[in-house]
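Me: I have a protein model open and would like to learn how to read it. Could we go through it together, one question at a time?

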Amino acid sequence: MKTTRTPQTPRTRSAFRIVMEVHEVLSDGSLRLSRRVPTNSWVKQWVQILLCRFQNANLAGVLDTGNVSRTLTAVSSAMVRADAGSSVATHGILVGTSATAPTRDDINLNAQVQHGNGAGQLSHAASVARIPVAITGGYRVTLDRQFANNSGASITVQEIALVVRHTTSVGDQSFLMLHDLVTPAEVIPDGGARVFKYNLDFLV
């Protein structure tokens, strides 16, 4: 007897994408989307950290944000952190003013904006990693941070980065993971604030 096979619906190809968003903070505290841009921003340290975790083995020769070669450790207590407290400018989502195009070998922002309320500074709120949520075709992890300008003049943001903390042989150090241009530049006026987001989308 001939068997008829029922055709299967083709699966959508799995994918991983990163989307950057910038939101204006309105006077009532609500957010208004300024832009949403797909990125292609991971750098060499992203791959090295994944390799360390996947192999569960120490990995030497990884450059931190200070251009110092470190050995990532894979002991059970080792951690990777993308969150950061308010005022912390060593990791989390960070922004800068350079228009230089990012490369895969970058180790830090080219011209980071420091935390504070002085000239050329932005007040850094906490950098937060959100609980994954379901989206069409997969799941999303959002990393976000608000920056407020109390410097007395406008500040032009032209680059964004995600810097994580990872355990090394000499303690926790900072490593660049993502680095993108903000194009066109985002001008934050004196008294204004912006929320910068990285959405990590896992499509299955």
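Me: Happy to start! How do the residues of the lining of the largest pocket divide into nonpolar, polar and charged?
Reply: Keep in mind that this is a predicted model. The largest pocket has a volume of about 260 Å³. Of the 14 residues that line the pocket, the closest to its centre are Trp 46, Val 80, Val 164, Met 177 and Leu 200. Sorted by type, the lining holds 12 nonpolar, no polar and two charged residues.

Me: Which element gives the largest share of the lining of the largest pocket?
Reply: Helix 1 (44-55), strand 5 (80-81), strand 10 (155-168) and strand 12 (193-203) each give two or more residues to the lining. The largest share is four residues, and the element that gives them is helix 1.

Me: Now for the inside. Which residues touch the most other members of the largest nonpolar core?
Reply: The largest nonpolar core has 31 residues. Strands 1, 3, 6, 9, 10, 11 and 12, along with helix 1, each supply at least two residues of this core. Leaving aside neighbours within four places in sequence, Leu 162 is in contact with Ala 82, Gly 92, Ile 93 and Leu 143, among others. The residues that touch the most other core members are Leu 162 and Phe 196.

Me: How many residues does the second, separate core have?
Reply: Val 43, Ala 161, Val 163 and Leu 176 are included in this second core. The number of residues in the second core is six.

Me: On to charges. Is Asp 201 buried or exposed?
Reply: The side chains of Asp 201 and Arg 17 meet in a salt bridge, at 2.8 Å from N to O. The pair links distant parts of the chain, with Asp 201 in strand 12, Arg 17 in strand 1, and their positions 184 residues apart. Arg 17 has 38% relative accessibility and therefore counts as partly exposed. Buried means under 20%, so Asp 201, at 0% relative accessibility, counts as buried.

Me: Which residues are joined into one network by salt bridges that share partners?
Reply: The count for the model comes to nine salt bridges. Some of them share partners, and they join three residues into one network: Arg 17, Arg 140 and Asp 201.

Me: Is Arg 36 buried or exposed?
Reply: The side chains of Glu 21 and Arg 36 meet in a salt bridge. Glu 21 has 5% relative accessibility, so this residue counts as buried. Exposed means over 50%, so Arg 36, at 52% relative accessibility, counts as exposed.

Me: What is the N to O distance in the salt bridge of Asp 64 and Arg 70?
Reply: Asp 64 is buried, and Arg 70 is buried too. Their side chains meet in a salt bridge with an N to O distance of 2.8 Å.

Me: Let's look at the backbone. Where is Asn 56 found?
Reply: Most residues other than glycine have a negative phi. Asn 56 has a positive phi near 55° and is not a glycine. Asn 56 counts as exposed because its relative accessibility is 56%. Its place is the loop between helix 1 and strand 3.

Me: One last thing! Which element holds Pro 184?
Reply: Most peptide bonds are trans. The peptide bond from Thr 183 to Pro 184 is cis, with omega near -5°. The element in which Pro 184 is found is strand 11.

Terms used
Residues numbered from 1 in each chain as written. Predicted model: local features only at pLDDT ≥ 70, side-chain atom pairs only at ≥ 80, totals over all residues. Heavy atoms only, no water. 1 Å grid on protein atoms, 1.4 Å probe; cavity = no way out; pocket = protein on both sides within 12 Å on 5 of 7 lines; lining within 4 Å. Points joined across faces, edges and corners; volume = space filled by probe spheres on them. Nonpolar A, V, L, I, M, F, W, Y, C, P; charged D, E, K, R; others polar. Core = buried A, V, L, I, M, F, W, Y, C linked by side-chain atoms within 4.5 Å. Buried < 20%, exposed > 50% of the residue type's maximum accessible area, 1.4 Å probe, protein only. Contact = heavy atoms within 4.5 Å. Salt bridge = Lys/Arg side-chain N within 4 Å of Asp/Glu carboxyl O.
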